Amino acid sequence: MSEPPLPESSNDVQLPTEFVQRLKLIVPAEQIASVLASFSATKPTTFRINTLRGSIDEIVTSLQALKIEMKPVPWFSDSSGRPLAYQVAHEHREQLTHSPIIDEGLIYVQNLSSMLAPLVLGAVSGETILDLAAAPGGKTTQIAQMMENTGVLSAVEPVKKRMFKLRASLERCGVSMTRIYQTDGRTVGHKTPDRFDRVLLDAPCSSEARFRTGDPKTWETWSQRKIRETSRKQIGLLKSAIHATRPGGRIVYCTCSLAPEENEQVIHKTLKKFGAKVSLIPFELPIENVQEGLLEFGGKSFDPQVELCRRVLPTEVMDAFFIACLLKS
């Protein structure tokens with residue numbers, strides 16, 4: 001006998017009913033209320049210090065001149081323990097984003113969830129890295145910073161307008177070792193087989209993390225049919241990413257969707273296709289709002305390895321996110 005549905009809250013009725021019903025099947029019951037509340041929260045603005053444009057001390061001094069209260073993010077720091085990410089109250093967002101600090105590329109405004117994927121990728125100086133869906137450039141610039149502008153970083157973006165945004169981001173942030181390619185990421189693996197040490201695929205998705213309570217424009221293109229269509233594209237992109245990775249290399253797959261069809265199911269189908277050639281790497285995230293990968297959804301069971309994936313549950317500070325880390329044998 002199935003459990004009775006949870007009572008609808010005021011948040012429920014201001015989000016798509018179908019979306020809320022799905023969330024109650026994805027998110028643990030004890031966390032569903034806080035997850036739903038996160039879609040109506042006024043979140044702080046978070047940003048990352050860009051050490052390609054100056055030292056941490058120099059940039060923090062410039063930030064302090066704005067006289068904005070900044071709260072350091074405890075889990076993101078350099079090897080000396082100095083914070084590399086901060087948050088400021090929402091009411092100071094305009095002052096921060098319209099300051100010369102942005103134009104000079106000293107910081108990059110980015111949600112904290114988005115900063116996690118490059119940390120899992122773990123790129124280091126001198127490697128050959130591929131960012132397979134790079135625009136607008138937040139993760140690309142973060143990877144370049146981790147590599148200290150040394151090595152080769154190839155960034156792919158198929159849409160011309162978004163490619164220009166990507167190029168502008170890289171130039172503003174002082175990234176000098178990146179090659180940009182305007183092409184369909186699904187073709188890259190066959191063009192550059194076994195080439196890259198690490199590949200990041202921040203796959204195009206249904207963007208459920210960007211839903212806002214009471215704002216239908218944020219979900220106007222969303223539907224279960226759209227999720228299925230997106231899932232097929234994601235599988236093609238991940239297949240390409242794996243082909244492009246050298247044996248022994250690492251692939252990080254991530255989305256800003258909560259949908260298992262775009263997350264666990266994509267990983268499951270990929271494992272099934274590649275067999276022993278690909279496996280999942282266990283990793284931990286330095287945050288508490290994390291859920292292990294689901295092993296079943298919608299009547300479908302997934303490969304037991306899928307439990308090693310991680311879903312970042314949205315909070316009053318962080319957006320929803322999904323990360324999987326794969327090893328090419």
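User: Why is Asp194 called partly exposed?

Analyst: In this predicted model, Asp194 has a relative accessible area of 43%. Buried means under 20% and exposed over 50%, so a value of 43% places Asp194 in between, as partly exposed. Asp194 sits in the loop between helix H9 (188-191) and S8, and its phi is near 55°, a positive value in a residue other than glycine.

User: What makes Ser207 buried?

Analyst: The relative accessible area of Ser207 is 19%, and the limit for buried is under 20%, so Ser207 counts as buried. Ser207 belongs to the loop between S8 and H10, and here too phi is positive, near 55°, in a residue other than glycine.

User: Why does Arg167 count as partly exposed?

Analyst: Arg167 has a relative accessibility of 32%; because partly exposed covers the range between 20% and 50%, that value puts Arg167 in the class. Arg167 is part of helix H8, and its C-alpha is 28 Å from that of Leu326, with the two positions 159 residues apart in sequence.

User: How do you know that the span of helix H8 agrees with its number of residues?

Analyst: Helix H8 covers residues 160-172, which makes 13 residues, and at 1.5 Å a residue it should span 18 Å. The expected span is 1.5 Å times one less than the number of residues, and the end C-alpha atoms of H8 are 18 Å apart, so the two values agree. After H8 comes Gly174, with a positive phi near 75°.

User: Why are the buried residues of H8 said to line one face of the helix?

Analyst: The buried residues of H8 are Met163, Leu166, Ser169 and Leu170. Seen down the axis of H8, they fall within an arc of 120°, so they line one face. An α-helix has 3.6 residues a turn, so residues three or four places apart point the same way. On the other side of H8, Lys161 and Glu171 are exposed.

User: What covers the buried residues of H8?

Analyst: The cover includes strand S4 (107-109), helix H7 (138-146), strand S6 (152-156) and strand S7 (178-181).

User: What makes the buried residues of helix H3 a single face?

Analyst: In helix H3 (residues 56-64), the buried residues are Ile56, Ile59, Val60 and Leu63. Down the axis of H3 these residues fall within an arc of 100°, and therefore they line one face of the helix. They pack against S1, strand S3 (85-88), H4, helix H5 (100-103) and S4.

User: Why is helix H11 described as mostly covered?

Analyst: Helix H11 (residues 264-274) has 11 residues, and eight of them are buried. The buried residues of H11 are Glu264, Gln265, Val266, Ile267, His268, Thr270, Leu271 and Phe274. Among the elements that cover them are H10, strand S9 (245-255), strand S14 (310-312) and strand S15 (321-328). H11 is followed by Gly275, which has a positive phi near 60°.

User: How many aromatic pairs are there, and why is the pair of Phe211 and Trp222 called edge-to-face?

Analyst: The count of aromatic pairs comes to seven. The rings of Phe211 and Trp222 have their centres 6.0 Å apart, and their planes stand at 90°. Since rings pair if their centres lie within 6.5 Å and planes over 60 degrees apart count as edge-to-face, the pair meets both conditions and is edge-to-face. Phe211 and Trp222 are both buried, and ring pairs link them with Phe19, Phe39 and Trp219 into a cluster.

User: What does the pair of Phe211 and Trp222 tie together?

Analyst: Phe211 and Trp222 each lie in the loop between strand S8 (196-202) and helix H10 (224-244), so the pair ties together parts that are 11 residues apart in sequence.

User: What is the volume of the largest pocket, and which residues are closest to its centre?

Analyst: The largest pocket has a volume of about 1,200 Å³. It is lined by 47 residues, of which Ser114, Pro136, Lys139, Arg210 and Cys256 are the closest to its centre. H7 supplies the largest share of the lining, three residues, and the elements that each supply at least two include strand S1 (45-49), helix H4 (93-97) and helix H6 (112-121).

User: Where is Pro136 found, and what kind of peptide bond joins Ala135 and Pro136?

Analyst: Pro136 is in the loop between strand S5 (128-131) and H7. The peptide bond that joins Ala135 and Pro136 is cis, with omega about 5°.

How values were computed: Residues numbered from 1 in each chain as written. Predicted model: local features only at pLDDT ≥ 70, side-chain atom pairs only at ≥ 80, totals over all residues. Heavy atoms only, no water. Helix = DSSP H or I, 4+ residues; strand = E, 2+ residues; numbered from the N terminus. Buried < 20%, exposed > 50% of the residue type's maximum accessible area, 1.4 Å probe, protein only. Arc of directions from axis to C-beta. Contact = heavy atoms within 4.5 Å. Phe/Tyr/Trp six-rings, centres within 6.5 Å; stacked < 30°, edge-to-face > 60°. 1 Å grid on protein atoms, 1.4 Å probe; cavity = no way out; pocket = protein on both sides within 12 Å on 5 of 7 lines; lining within 4 Å. Points joined across faces, edges and corners; volume = space filled by probe spheres on them.
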